[in-house]
Amino acid sequence: MAFKLKTSKKTEEILTQIESSTNIPYATLIKLSLALSLRKGPLQEEDFKTNNLGRELNRQTITGDADALYKCLFEVCAHRHMSDEEYFPGAVKAHLDRGAVLLQNELRYLSLIHISEPTRRVVI
């Protein structure tokens, strides 16, 4: 059973940049990334083709006390049972790497709306 994984270099850069600009803890950004990736649906083959040049993370840091819950969510998303080796680090890393890009895109979109949307007044 594995207890550590290494993110891709891109994931490390994205999450570190978001952490420094928003003051949201890295561990929270990991969970948000996983949630966004799970929301997108099953992983594709290309989601597993990332490097291992990023930050090393402990399983406890990623899933905490909810490891069994995360595994169930991943299995529901994949529509099949996963062995522990498939789940961690395989699927967790793939979801984390995909989710970090999705999180970055969400934040870019939100900043565009915030800057470009005019102030609205409510008249009663």
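How many residues does α4 have, and how far does α4 reach from its first C-alpha to its last? In this predicted model, α4 has 12 residues and spans 16 Å between those two atoms, close to the 16 Å expected at 1.5 Å a residue. Helix α4 covers residues 67–78.

The two sides of this helix can be told apart by burial. Asp67, Tyr70, Lys71, Phe74, Glu75 and Cys77 are the buried residues of α4. They lie on the same side of α4, because the arc they cover around the axis is only 160°. A general point about helices helps here. An α-helix has 3.6 residues a turn, so residues three or four places apart point the same way. On the face of α4 turned away from the buried side are the exposed residues Ala68, Leu69 and Val76. Just after α4 comes His79, which takes a positive phi of about 60°.

One residue from the buried side, Phe74, leads on to the aromatic pairs. The structure holds 2 of these pairs. In one of them, the ring centres of Phe74 and Tyr87 are 5.4 Å apart and the planes meet at 85°; the pair is edge-to-face because that angle is over 60 degrees. This pair links distant parts of the chain, since Phe74 belongs to helix α4 and Tyr87, 13 residues away, to helix α5 (residues 84–116). Phe74 counts as buried because its relative accessibility is 0%, under the 20% cut-off. Tyr87 also has 0% relative accessibility and so counts as buried.

Tyr87 forms an aromatic pair with Phe88 as well, and this one is tilted, with 6.5 Å from centre to centre and 55° between the planes. Phe88 has 1% relative accessibility and therefore counts as buried. Through these ring pairs, Phe74, Tyr87 and Phe88 are linked into a cluster.

Another ring has a charged residue over its face. Arg55 lies over the face of Tyr26, at 3.6 Å from the ring centre.

Arg55 also appears among the contacts of Thr7. Where is the place of Thr7? Thr7 sits in the loop between β1 (4–6) and α1 (9–22). With 0% relative accessibility, Thr7 counts as buried. Leaving aside neighbours within four places in sequence, Thr7 is in contact with Glu12, with Asn51, Asn52, Leu53, Gly54, Arg55 and Leu57, and with Lys93, Leu96 and Asp97.

Note on methods
Residues numbered from 1 in each chain as written. Predicted model: local features only at pLDDT ≥ 70, side-chain atom pairs only at ≥ 80, totals over all residues. Heavy atoms only, no water. Phe/Tyr/Trp six-rings, centres within 6.5 Å; stacked < 30°, edge-to-face > 60°. Helix = DSSP H or I, 4+ residues; strand = E, 2+ residues; numbered from the N terminus. Buried < 20%, exposed > 50% of the residue type's maximum accessible area, 1.4 Å probe, protein only. Lys NZ or Arg CZ within 6 Å of the ring centre and 35° of its normal. Expected span 1.5 Å × (residues − 1). Arc of directions from axis to C-beta. Contact = heavy atoms within 4.5 Å.
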